[in-house]
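Q: Please take a close look at one part of this model, the stretch around its opening β-α-β unit, and describe how that part is put together and what it meets.

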Amino acid sequence: MSNKILVAYFSCGGDTAVVAKQLARAAGADLFAIKPAIPYSEADLDWHDKNSRTSIEMRTMTPPAIAERVENMDEYDTVFVGFPIWWYLAPTIINGFLSSYDFSGKTVIPFATSGGSELGKAEAVLQAKCSKQTKWLPGKLLNGDFTVEDMKAWIEQLGIYNK
């Protein structure tokens with residue numbers, strides 16, 4: 001079975017970026033960083049401040065504009081989508097990313113990093129952003145000590161194979 005794979009991810013502190021790069025290596029996938037058009041400042045990311053940019057985005061579920069698009073999204077059969085858990089959900093930029101493309105006929109698999117939360121309801125919220133013709137596979141929390149070999153085993157367990 002041939003399959004062209006993309007690992008798209010959003011990362012602020014760098015943890016999700018490290019995991020996404022390992023996953024892309026394990027899957028033989030292309031890598032795409034999802035970035036806001038206006039980068040987040042430290043003050044924007046202060047979740048203790050109810051008036052910070054990210055607090056407002058999460059409260060209103062309003063995604064920021066995204067800096068760049070995946071120009072060749074139609075070439076990918078499988079898309080891993082990675083993010084840190086914020087407020088027990090994916091950051092709204094992920095909602096915006098998923099709403100920006102037609103994933104009909106594609107397989108989407110979420111993965112996340114977190115200091116203590118599980119994927120929780122993030123998967124259900126994100127799945128609703130994709131068409132009913134999107135194949136959605138269960139996601140995974142990939143914190144810290146997952147090796148490339150662990151990720152390869154997960155990918156094989158999912159039945160995902162690259163060209």
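A: What follows describes the unit, then the packing of its helix, then one residue in a loop after it. The model is predicted.

The unit consists of strand β1, residues 5-9, helix α1, residues 15-27, and strand β2, residues 30-33. Together β1, α1 and β2 form a β-α-β unit of right-handed sense. Its two strands, β1 and β2, are paired in parallel through four bridges. One of the bridge partnerships can be named: L6 is matched with D30 in β2.

The helix of the unit also packs against another helix, α5, which spans residues 148-158. The axes of α1 and α5 approach within 9 Å and cross at roughly 60°. An angle of 65 to 115 degrees would count as roughly perpendicular and one under 35 as roughly parallel, so α1 and α5 are oblique to each other. The crossing of α1 past α5 is right-handed. On the α1 side, the contact is made by V19, Q22, L23, R25, A26 and A27; the α5 side supplies V148, M151, K152, W154 and I155. By class, this contact comprises eight nonpolar residues, one polar residue and two charged residues.

Beyond β2, the loop that leads to α2 (53-60) holds K35. With neighbours within four places in sequence set aside, K35 contacts A65, I66, A67 and I93. K35 is also 7.3 Å from E68, C-alpha to C-alpha, across a sequence separation of 33 residues.

How values were computed
Residues numbered from 1 in each chain as written. Predicted model: local features only at pLDDT ≥ 70, side-chain atom pairs only at ≥ 80, totals over all residues. Heavy atoms only, no water. Pairing = 2+ DSSP bridges. Right-handed = clockwise from strand over helix to strand, strands pointing away. Axes fitted to C-alpha atoms, helices over the stretch in contact; angles between N-to-C directions. Parallel < 35°, antiparallel > 145°, perpendicular 65-115°, else oblique. Left-handed = near helix turned anticlockwise from the far one by under 90°. Contact = heavy atoms within 4.5 Å. Nonpolar A, V, L, I, M, F, W, Y, C, P; charged D, E, K, R; others polar.
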